[in-house]
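Please look over the sequence and the model shown below before reading on. The paragraphs that follow move from the chain as a whole to its cores, and then to the packing of particular helices.

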Amino acid sequence: MAGERILVVDDEEMIRDLCAHILGDEGYGVTVMPNGEAALAELGRTPTDLLITDIKMPGMDGLELFERVKKMNPDMVTIFITGHGTLDTAIESLMRGVEGFVLKPFTQEELVNAVDRAVTRSRLQKENIRLKALIPLFEISKLLVTEIDLAHLFRIISEVLVKEFSVERVSLMLVDDATGSLLIRASHGLPTDLAVKARRGPGEGVSGIVMKHRRPVIITKGKSSDPEVMATLNRDNEPLSSMAVPLIGKDKVLGVLNISKFTDPTFTTSDLQIVSVLASQVVATMENASLYEGLRESYFRTVQALVAAVEAKDPYTRWHSTNVAKYAVAIARDLGFSPSQLEEIHIAAILHDVGKIGISERIISKPDRLSREEFDIMKDHPAHGMRILEPIGFSQLIISAIYQHHERYDGKGYPQGIAGENIALAARILTVADTIDAMVSERPYRGTISSETVLRELERESGLQFDPAVSGAARKLIEKGLLKLGMHAYAQHAPAADTK
Ligand SMILES: [Fe+2]
């Protein structure tokens, strides 16, 4: 996996040695430098894939080094090492395009994970660039390398094959990880019952033989040059011409692409070559898709760690995002959101206050009401949140829900002061969920609140702060007992001084 060259820059010898030791063991080539100037000189001499730098250093600090390196080599992947005191800088660095950061003190695992993530991301970027440059073969190729929704991808493939080769039947079989058999995951022109039932183990039928031997097969008028294939053919019902091409991933067969036609002309070896290129694009796309999923997952974890950092600043909000997610998902489900939209709203709710990481702890955990100036600063948190999350590639639903979660239905909210349906529905849901939890939580200046008071408030603010459809759904869910207000969460996790 490893092999990349890494330059570690830190003024503390102990940290340099530690990084060199840990990353050297992982197979990376590691060089260490004690300051920014020495690092720049080294980068001028030696090709380097990844820069890991401390932020706080005497002389040139990590940010300045990062900016200067970016001018020399815009593709350099950089990770910051940072202490708690420089967390705000770390956020800023994320916005400027740093690939990751490691919080001091770090464990071996945290360092290795951050480096692996950064390296994987840079490889993926390079791979995508390579693919895009390599395949002007079909107009379709651009779509394929960026396409990550596999079901949609299969539809595109079928359409291309039907159009380009006048085929009547297409089936895309993928290896089922649980059984090792091929199952049809997408098909065109096959009777539905056949598509659902078809299952081929290695060596079984034409697809199974192609999977086992990892080589493509052409069958013309019931004949093939491969005796094993010949033996398995059912001559009564054979199409005029068919092809089966293996989808070979990095280290295993992922599936088989089958196409067949009942009219002339029959398939030629040059058709086979073109379909093989198409098959390799399918493989690249599938691997990118699964890599992309993994990357999203790891970024989400990074951002969740950031949320935990925000919540650590203020113990009263420790369970806030979890509760808001619970309320928001229940309301969104009631309003008919699809499962994938529910997942997005869950993510948006968990991360809705991530922008608070850019706000001073003094303001966030202030027990009294905020002064006008302090409130103005606090009002920047939706925009901070958007800036942190946008480069990570979250969906528009998530970004706008977070950016607009303090807008009001009557237009008197912030940051934009937009009203009614100009506010994204997901944001209107977050507003209600966020306010419910703010009411329920025992903020020092509020005291506990009963569910009757929550219901009254939802009704009173309907059409003012809240979208009537959303607050109405919330009221209905609370009244029916389908949405439990999470007061207990606060009782259990109250600050130490409040417990026995
Ligand atoms: Fe907020």
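**From the whole chain to its helix contacts**

The protein chain has 21 helices and 11 strands, and the model that shows them is a predicted one. Of its 500 residues, 36% count as buried. When contacts between residues at least 6 apart in sequence are considered, 59% of them join residues at least 24 apart.

The largest nonpolar core holds 43 residues, and the members that touch the most others are Ala 328, Ile 331, Ala 348, Ala 401, Ile 429 and Ala 433. At least two residues of this core are supplied by each of the helices H12 (320-334), H13 (339-351), H16 (381-389), H17 (396-403), H18 (425-440), H19 (451-460) and H20 (468-479). The largest share, 8 residues, comes from H18. Ile 429 can serve as a point of entry: leaving aside its neighbours within four places in sequence, Ile 429 is in contact with Ala 328, Ile 331, Ala 332, Ile 345 and Val 470. Another core, of 30 residues, lies apart from this one, and Phe 154, Ile 157, Met 211 and Val 217 are among its members.

How, then, do individual helices pack against each other? Two packed helices are described by the angle between their axes and the distance between the axes. For H12 and H20 the angle is about 105° and the axes are 9 Å apart; because angles of 65 to 115 degrees count as roughly perpendicular, H12 is described as roughly perpendicular to H20. On the H12 side the contact is made by Ala 330, Ile 331 and Asp 334, and on the H20 side by Val 470, Ala 473, Ala 474 and Leu 477. Sorted by class, the residues of this contact are 6 nonpolar, no polar and 1 charged.

H16 offers a second case, beginning with its own buried residues, which are His 381, Pro 382, His 384, Gly 385, Ile 388 and Leu 389. Viewed down the axis of H16, these buried residues fall within an arc of 160°, so they line one face of the helix. The axis of H16 comes within 8 Å of that of H17, and the two cross at roughly 160°; since angles over 145 degrees count as roughly antiparallel, H16 and H17 are therefore roughly antiparallel to each other. In this contact Pro 382, Ala 383, Gly 385, Met 386 and Leu 389 of H16 meet Ile 398, Ile 399, Ile 402 and Tyr 403 of H17. The residues of the contact of H16 with H17 comprise 8 nonpolar, 1 polar and no charged.

Conventions. Residues numbered from 1 in each chain as written. Predicted model: local features only at pLDDT ≥ 70, side-chain atom pairs only at ≥ 80, totals over all residues. Core = buried A, V, L, I, M, F, W, Y, C linked by C-beta atoms within 7 Å. Buried ≥ 20, exposed ≤ 12 C-beta atoms within 10 Å, placed from the backbone. Helix = DSSP H or I, 4+ residues; strand = E, 2+ residues; numbered from the N terminus. Contact = placed C-beta atoms within 7 Å. Axes fitted to C-alpha atoms, helices over the stretch in contact; angles between N-to-C directions. Parallel < 35°, antiparallel > 145°, perpendicular 65-115°, else oblique. Nonpolar A, V, L, I, M, F, W, Y, C, P; charged D, E, K, R; others polar. Arc of directions from axis to C-beta.
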